[in-house]
Amino acid sequence: MERALDGFDKQQVEDYKDDIDTLLVFAGLYSAVLTAFVIESYPLLQEDTAGESLQALRQIASQSAGYVIMGGQLVNTTATVPSASLSQFEPTPAAVRLNVLWFASLVLSLSTASLGIMVKQWLREYVAFATSSAQGNLRVRAFRRSGLDTWQVFGIASILPLLLQLSLLFFFVGLCYFTANIHPSVQNTTLPLVCAWGFLILSAILAPVFSARCPY
């Protein structure tokens, strides 16, 4: 009995650990790609200091060219722009939504990797026990198994793929905003593909409700 239970536990733990390893690899690669996009998007929330400097230089050059000598005096004929009329920089709503989605996606992806590492450690500790008697092993196993069930360790492991899918959803929605600022043709290509992906994911989630034989 001890060997049967031990084999069952180790097989279950190995299955979860294999799934978590796959998620960790994907989350690492995905986070690296997403970071590259975030680097390109977050400057949209900041004022373009180079553009402001160029505008100031043009204004100075315009005012300098407007000086003329009239009646023996140097007179500036260029209208001075009041400082109060200069509007403060405000990012566009699309830029704000884009960065909110992509930063949220990055947080979810890294959180998935962090939780995956913790779950792997918990599962490793669960099977890492050995006593001098078979009865002792059974008692330790029952004690630790009760802890895993009470604290929903396997439930947390099952949530990890959902967190990663939610992270992908945020990224794809943000990608639609991003491509809209590039060119309409790019958006018209990206948006249908994102919608098709969302339809497939939603279908996979709802399919078991309509068919008991669905393997999803």
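Two helices count as roughly antiparallel when the angle between their N-to-C directions is over 145 degrees. That cut-off comes in handy for this model, which is a predicted one.

To set the scene, the chain holds six helices and two strands. Reading from the N terminus, the order is α-α-β-β-α-α-α-α. Of the 216 residues in the chain, 23% are buried. What about contacts across the sequence? Among the contacts with a separation of 6 or more, 72% link residues that sit 24 or more positions apart.

Now for the helix pair. Two packed helices are described by the angle between their axes and the distance between the axes. For helix α5 (residues 153-182) and helix α6 (residues 184-210), the angle is about 165 degrees and the axes lie 8 Å apart. Since about 165 degrees is over the cut-off of 145, α5 and α6 are therefore roughly antiparallel to each other. Their crossing is left-handed.

Which residues in α5 and α6 actually meet? On the α5 side they are Q165, L168, L169, F172, L175, C176, T179, A180 and I182. Facing them from α6 are V186, Q187, T190, L191, V194, W197 and I201. Sorted by class, this contact between α5 and α6 is made up of twelve nonpolar residues and four polar ones, with no charged residues.

One of the α5 residues in that contact, C176, brings up the matter of cysteines. A disulfide needs two cysteine sulfur atoms within 2.5 Å, and by this rule the count is zero. For C176, the nearest cysteine sulfur belongs to C195 and is 6.6 Å away, so C176 is in no disulfide, given the limit of 2.5 Å. Is C176 buried or exposed? Its relative accessibility is 11%, so C176 counts as buried. C214 counts as buried too, because its relative accessibility is 18% and the cut-off for buried is under 20%.

Finally, a look at L123, a residue of helix α3 (residues 93-127). With a relative accessibility of 0%, L123 counts as buried. Which residues does L123 touch, once its neighbours within four places in sequence are left aside? The list is V13, Y16, K17, V153 and F154. K17 makes a nice example of a partner from elsewhere in the chain: L123 and K17 are 106 residues apart in sequence, yet their C-alpha atoms are 7.9 Å apart in space.

Conventions:
Residues are numbered from 1 along each chain as its sequence is written. This is a predicted model: local features need pLDDT of at least 70, side-chain atom pairs count only at pLDDT 80 or more; totals for chains, interfaces and linings use all residues. Side-chain values use heavy atoms; hydrogens and water are left out. Buried means under 20% relative accessible area, exposed over 50%, partly exposed in between (1.4 Å probe, protein chains only). Axes are lines fitted to C-alpha atoms, for helices over the stretch in contact, and angles run from 0 to 180 degrees between N-to-C directions. Helices (H or I, at least four residues) and strands (E, at least two) are DSSP runs, numbered from the N terminus. Angles under 35 degrees count as roughly parallel, over 145 as roughly antiparallel, 65 to 115 as roughly perpendicular and the rest as oblique. A crossing is left-handed if the near helix is turned anticlockwise from the far one by less than a right angle, and right-handed if clockwise. Contact means heavy atoms within 4.5 Å. Ala, Val, Leu, Ile, Met, Phe, Trp, Tyr, Cys and Pro count as nonpolar, Asp, Glu, Lys and Arg as charged, and the others, Gly among them, as polar.
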